[in-house]
Amino acid sequence: MTTFDAADPAAQATQSALAGVARFVGRGKTFWRLLSSGGVLLLFTLGIYRFWLTTDIRRYLWSNTELAGDSFEYSGTAYELLLGFLIALAALLPLYVVFFLLTLAPGNTWSLLSLLVLIFLGQYAVYRARRYRLTRTIYRGVRFHQTGSALLYSVCAVLWWALIILSAGLAYPFAQSQLEHFKMRHTFFGNLPGRFEGSGWHLLLRGLPLWACTVVPFAIGTVAVILAIDWSALSTSSEPAVHTVGIERGGPAGIDLIVAVTGAWLLASFALLYPIFQAILLRWWVSGLRFGNVAVKSRLRIARVFGVYAQFFGYATLFTAVVGTLVGVGAFGLSKIAGGVSSMRGEIVTTVLSLGAYAAIALGYWTIYQATVKLGVWRCVIESLEISNSAVLEQVAAAGEAASPVGEGLADALNMGGI
Amino acid sequence: MNAPNVDSSNVHGRAIFFDGLTTARHDVVIELAPRTLRVHGADGRALAEWPYDELETRSSPDDVLRLGRARDAVLARLEITDPQLAAAIDEQSAPVDRTGRIERRLRRKVIFWSCAATASLILVAVVGMPLIATELAPLVPYAVERKLGAAIDAQTRVGLDEGNRSGAPLDCGSAEKEQAGRVAFEKLIRQLETAAGLPLPIKATIVRKPEANAITLPGGHIYVFQGLVGEARMPDELAGIIAHEFGHVAHRDGTRTIMQGAGVALMFGMLLGDFVGGGAVVVAAKTLLRTSYSRDVEAAADGYAVVLMTKIGGDPRALAAILSRIGGNTHAGPKILADHPEIRDRVIAIEAMASSAPRRPLLDQREWAALKAICAEE
């Protein structure tokens, strides 16, 4: 007889202490290894490997996320993603051919229409992909699921995005709140219905200073440029006889200066404010999530998100320095070799090598971004959670079925990828 | 608390069980019976009995072995934290993959075959696509080619007009003082067109671009750059280049390039997905593929030009002369140096093909002078 008696009373005591606590237990090194080998394979398979890499990443993130002592499980497989992609391909390919033929027809109406159809499809895919991911998320032997019409969601989403553009971004908080309401109203954990309680006004108040720092200077700069252009001169100069008249009232330096200052300000403020924006948005979003009586609150600190981005910046700088040196040396060596060879062949070799180098560098930055920002933000958010009434999570009954991966495939084919 | 009803001759140990019906967490004793894994509740009740060959490893944190039952609609889960107990189960059950060895073997197969598929795709793109496009391009009706050409023409004109700050229109020959030049240019084109007898009308224009270049789009659009007119020392040189472009129209090279580009874009664009800036790679790949077969295409157009020039009584060798002078840089894409072997080969080939048939001037002195001044600046 052999007995493995590992579970002792002390372990059970920690179990109850963990109620309401969320933890991320994954090691960063595992994730780095996963991403870097995945990146190399993506390069050599021209992206076919992405179904496996995506699945690996999700498995890692899900199963290392612990809530009240139990970890999540991602039960999706790479084969499902591949299948979804193939279905999407079958559906989209004829559509692309139709769009191509339509662009040959006179007028811009048709190409505009096809763009609109693609935007709708993108939002449709986002909703269906969320459904797939939720039904592959298992916690304590019970899965999440999502109901609701993806078509209705895509219509709402497109209308809201149109409103966001028309309102210069001021509608964004309300769009986020309404769309999240829609998603969470149709989200269930087992038989426990979800809902969203974040208010658009609240997000607007938090985000208004950021909006004032970016959109307002942009608007002022644009108006200044418009005023600086002498429109009457411009309209006469379009007649062929008079085309030497200056079109700028303030001289050529005036407009360039306004554009440069506005651009520099936007760039600097974007780099500095984006982490703040992300922190505010995530804290607001997480704190609005509800499942039955279970409420979530996030105490995500902006400084931590800044830390994550600083890490990204550090690694990216290091990578840039190394790659810059390598490319410099490589280009020098290549010019030595290719200089002597028949140049058509040399040109092809150079183009192939630079294509490969481009893809490798892009994948390098992608890997660094995933391993620092994606993982870092995920970890920060999980560790900032406070869950109340988590006892409810022990009495949830199973419900819902596994959904098809078509949404994932569509999202992939339309370049609308999520996690 | 009753002791679980465990046959003590079997290996057993503690685990956590979720029955898949509710989220209730059961502290259980599992028993490794000869053919099955038995799960006993704390009250001694048997909660589940799973055959070893139906066990399945599910994704879990590193220090937990999470088991489920294969093909079971109910998501019952068994979580084992004790490494020795986990090892004991792994030993009993073939499908349990505690160390990930089975998964790794499967993954190696996936990697091998996706690399093989990629290599095969690249081969098709490099070798197969040009062949397919060559076969299909002659089958495209001219009506379709003209529509395609009109769409591409609109985009190309915008591209050509970029950086044109003088305010003058893109096309030369529209102003009053440029009329004479335009008449001469049209005379030259008409001679070529009559002799060529192409199934679609040619729309040739001289545009205000300083480069010594000429481009041909599908649907018979030919753009001759101002820089080329400046470089030409006699009408036959300009006519030679234009006759070469006529060759591209006759061989439907524009349509073929477009078809090839579309095929490659379709093949790789969707495959690449959103991990890399896929679009940039596709564009670069298209450029690469275009340059890699352009040699034969150019030679064919040269041959056409020699025949056409002979037909209208021009000097076919003039094409060779201007080519060797401007370095063959008549086409967009990577710049090719003047002493390039390809250009030398082309020049030699043209010289060899050219016969010494009777000649006549294509334009008189006055017409040629007017044509040279077609892009008259203020």
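Contact here means heavy atoms within 4.5 Å of each other, and the model shown in all of these views is a predicted one.

**Overview of the two chains, A and B, of the predicted model.** Chain A comprises 13 helices and 11 strands, and 42% of its 419 residues count as buried. When the contacts of chain A with a separation of 6 or more are taken together, 77% of them are made by residues 24 or more positions apart. In chain B there are 11 helices and 10 strands, with 49% of the 378 residues counted as buried. Of the contacts in chain B that link residues at least 6 apart in sequence, 60% are between residues at least 24 apart.

**The open sheet of 10 strands in chain A.** The strands follow one another in the order β2-β3-β4-β5-β6-β7-β8-β9-β10-β11, and their pairing is antiparallel. The sheet ends at β2 (22-24) and β11 (385-388) of chain A, edge strands that each pair on one side only. Between neighbouring strands of this sheet the turn is 25° on average, with direction ignored. At the β2 edge, β2(A) is held to strand β3 (residues 65-67) of chain A by three bridges in the antiparallel sense, and within this pair Ala22(A) is placed opposite Leu67(A) of β3(A).

**Helices α5 and α7 of chain A lie across strands of chain A.** Helix α5, which spans residues 109-135 of chain A, lies across β4 (70-74), β5 (137-139), β6 (142-146) and β7 (187-189) of chain A, and the angle that helix α5 makes with β6(A) is about 170°. Helix α7, residues 172-185 of chain A, lies across β7, β8 (192-196) and β9 (289-291) of chain A, where its course is at about 180° to β8(A).

**Strand β7 of chain B, with both faces covered.** In a regular strand, side chains alternate between the two faces of the sheet. In strand β7 (residues 77-80) of chain B, Arg77(B) and Glu79(B) are on one side while Leu78(B) and Ile80(B) are on the other, and all of these residues are buried. Strand β1 (residues 11-18) of chain B runs antiparallel to β7(B) and is joined to it by three bridges, with Ile16(B) having Glu79(B) as its bridge partner. Strand β6 (residues 65-69) of chain B is likewise antiparallel to β7(B) and joined to it by three bridges, and here Leu65(B) has Ile80(B) as its bridge partner.

**The largest cavity, lined by residues of chain A and chain B.** The structure holds two cavities of 30 Å³ or more, and the largest of them encloses about 50 Å³ of space. From chain A the lining includes Asp70(A), Ser71(A), Glu73(A), Ile138(A), Tyr139(A), Arg140(A) and Gly141(A), and from chain B it includes Phe18(B), Arg66(B), Arg77(B) and Glu79(B). Two or more lining residues come from each of β4 and β5 of chain A and from β7 of chain B, and β4(A), with three residues, gives the most. Sorted by class, this lining consists of three nonpolar, two polar and six charged residues. Arg77(B) and Glu79(B), which take part in the lining, are also the residues named above as buried on one side of β7(B).

**The second largest cavity, lined by residues of chain B.** This cavity has a volume of about 30 Å³. Its lining is formed by Glu145(B), Thr216(B), Leu217(B), Pro218(B), Gly219(B), Gly220(B), His248(B), Val249(B), Gly254(B) and Thr255(B). Each of β9 (214-217), α6 (235-251) and α7 (253-272) of chain B supplies at least two of the lining residues. By class, the lining divides into three nonpolar residues, six polar residues and one charged residue.

**The open sheet of three strands in chain B, together with helix α6 of chain B.** The strand order is β8-β10-β9, and the pairing is mixed. The edge strands, each of which pairs on one side only, are β8 (203-207) and β9 of chain B. Neighbouring strands of this sheet are turned against each other by 15° on average, direction ignored. Four bridges connect β9(B) with strand β10 (residues 221-225) of chain B in an antiparallel arrangement, in which Ile215(B) has Tyr223(B) of β10(B) as its bridge partner. Helix α6(B) lies across β9 and β10 of chain B and runs at about 25° to β9(B); both α6 and β9 of chain B are among the elements that supply at least two residues of the lining of the second largest cavity.

Methods
Residues numbered from 1 in each chain as written. Chains lettered and ligands numbered in written order. Predicted model: local features only at pLDDT ≥ 70, side-chain atom pairs only at ≥ 80, totals over all residues. Heavy atoms only, no water. Buried < 20%, exposed > 50% of the residue type's maximum accessible area, 1.4 Å probe, protein only. Pairing = 2+ DSSP bridges. Axes fitted to C-alpha atoms, helices over the stretch in contact; angles between N-to-C directions. 1 Å grid on protein atoms, 1.4 Å probe; cavity = no way out; pocket = protein on both sides within 12 Å on 5 of 7 lines; lining within 4 Å. Points joined across faces, edges and corners; volume = space filled by probe spheres on them. Nonpolar A, V, L, I, M, F, W, Y, C, P; charged D, E, K, R; others polar.
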